[in-house]
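Biologist: Let us go through this model by question and answer. Please show it first.

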Amino acid sequence: MSKVKYYYDPDTLSYRKIEPKKSRRYRNIAFFFLGSFLFGLLSLILLLNTNLINTPKELSLQREVKNYELQFELLNKKMEQIEDVLANVEDRDNNIYRLYFEANPIPEEQRRAGFGGINRYKALEGFNNSEMVIATTKRLDIIKKQMAIQSKSLDEITKLAEEKEKLLAAIPAIQPINNEELTRMASGYGWRSDPFTKARKKHWGMDFTAPKGTPIYASGDGEVTRADNNASGYGKHIRIDHGYGYMSLYAHLSNYNVKKGQKVKRGDLIGFVGNTGRSEAPHLHYEVWKDEDRINPINFYYGSLTAEEFENMLKYANQENQSLD
C-alpha cells in the first residue's frame, strides 16, 4: 500500500492530503519502464559477452575454432622446417650438383616467383580469421611451387648423372694390355725414328711389346666400327667408336674376338697381339682419337694403373726411341 503524503496549509492552519497529478503518474510509469528496459538491455549485453548463456553447441564451436587456430600455428612451424630443408636442398642443387654436371644454376627469382593473375584466395576472404588462413595458404602454395621446381631440377640432374656415367664408361680409360702380360712399353706418342726408313716421323700412338696371342681389351664402352685388314700399315686392326667424339684403334693384331657393329664394354676381350701390317715385331699399336684428331693415349690410363706404374710408363713414353711400326 502506497504511503499517503500531506502538506501544511498556512491559510487553514491544517494538514491537507497531497493528491498526485495524473501526468506525473504517467511520467513516473514511463520512467520506470524505460529504466527497466535499459537495465535489461545492459544485462543482456553483458551476458552475451560471457559464457554464462552460451549453448553447448556454441561452446563446442568456440573450442573447435581455438583448436583450428592452434593447428594453423603448428602448421606454420612445420612449414618453417620444410622451408629450411628446401633451402638447403636448393643450395646443394645450385652449388654442388649442377656445378659438378656443368649445368646452369636455377635463378633465385625463378625459385621465389609468386603467382600473378586473378586473386587465388578470394573464396577465403570475409571470415574472422581470413588474414591468417590466406597467409598460410599463400605460404603453402609457394612451398609447393618451390618443390615442383626442385623436383624438375633433380630430374634434370638425374639425366645429367646418367649421361655423365655413360661418358665416364665410354672414355678410353684403361691400358689395352694387362701389365702382367706386357713385355715393355716400346714407344710413346710423338716424334720417333721410323724402324724401316730410320727417318724422324710423328708416331700417333703407343706401342706395347707383348708375345703374339696376348689378349687385347677394349679401353672403354662403345661399338666396333671396323675389324679388318683394309687400312694401310695397320694390318689387322679394330676401331671402336665410344661416342662423345672418342674413338680408339688397336693395330697389328693376329686375330679378332669381335666383329663390326658389335657393342663392347670396357675390359672386354676384343683381339690378340700380332705382327701384321707395317710392323717390325709382335706388339700392339694403340691410338686414341677425339673429334677426329689423334691425341696422346697416355692421358687416359687413370682407370688401370697405379701411380708408380703410370710414372714408369710416362718415363718410357717420353723417350725418343725407335717405334715398332
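**Helices, strands and cores**

Biologist: Which residues of helix α2 are buried?
Modeller: Buried means under 20% relative accessible area with a 1.4 Å probe, protein chains only; over 50% is exposed, and in between is partly exposed. Helices are DSSP runs of H or I with at least four residues, strands are runs of E with at least two, and both are numbered from the N terminus. The buried residues of α2 are Asn76, Met79, Leu86, Glu90, Asp93, Asn94 and Arg98.

Biologist: What do these values rest on?
Modeller: Residues are numbered from 1 along each chain as its sequence is written, and side-chain values use heavy atoms, without hydrogens or water. The model is predicted: totals for chains, interfaces and linings use all residues, side-chain atom pairs need pLDDT 80 or more, and local features need pLDDT of at least 70.

Biologist: Which helices help to cover the buried residues of α2?
Modeller: Contact means heavy atoms within 4.5 Å. The cover of α4 (130-170) includes α2, α3 and β9. Turning to α2 itself, its cover includes α3 (108-111) and α4.

Biologist: Where does α2 bend?
Modeller: Helix α2 covers residues 56-100 and reaches 64 Å from first C-alpha to last, close to the expected 66 Å. The expected span is 1.5 Å times one less than the number of residues. A bend is the angle between axes fitted to the seven residues ending at a residue and the seven starting there. In α2 the bend is about 40 degrees, at Asp93.

Biologist: How far does α4 reach from its first C-alpha to its last?
Modeller: Helix α4 has 41 residues. Its buried residues include Ile134, Ile143, Ile149 and Ile157. The span is close to the expected value, and both are 60 Å.

Biologist: How many of the residues of strand β10 are buried?
Modeller: Tyr246, Ser248 and Tyr250 point one way from β10, and Met247, Leu249 and Ala251 the other way. Both sets are buried. For β10 (residues 246-251), the count is 6 of 6.

Biologist: Which residue in the turn between β9 and β10 has a positive phi?
Modeller: Two strands pair if DSSP finds at least two bridges between them. β9 (residues 237-243) and β10 pair in the antiparallel sense over 5 bridges, with Ile240 bridged to Ser248. They form a hairpin with 2 residues between them. The phi of about 60 degrees belongs to Tyr244.

Biologist: Which residue in β14 stands opposite Met247?
Modeller: β10 also pairs with β14 (residues 283-290), antiparallel, over 6 bridges. There, Met247 faces Trp289.

Biologist: Which element gives the most residues to the largest nonpolar core?
Modeller: Such a core is a set of buried Ala, Val, Leu, Ile, Met, Phe, Trp, Tyr and Cys residues joined through side-chain atoms within 4.5 Å. This one has 23 residues, and Ile216, Ile238, Ile240, Tyr250, Ile270 and Leu284 touch the most other members. β6 (206-209), β9, β10, β13 (269-273) and β14 each give two or more. With 3 residues, the most comes from β14.

Biologist: How many residues are in the other core?
Modeller: That core lies apart from the largest one. Tyr234, Leu249, Ala251 and Trp289 are among its members, and its total is 6 residues.

Biologist: Which strands form the edges of the open sheet of 3 strands?
Modeller: The order is β7-β13-β11, with antiparallel pairing. β7 and β13 are joined by 3 bridges, and Ile216 has Gly271 as its partner. Each edge strand pairs on one side only, and the two are β7 (215-217) and β11 (253-256).
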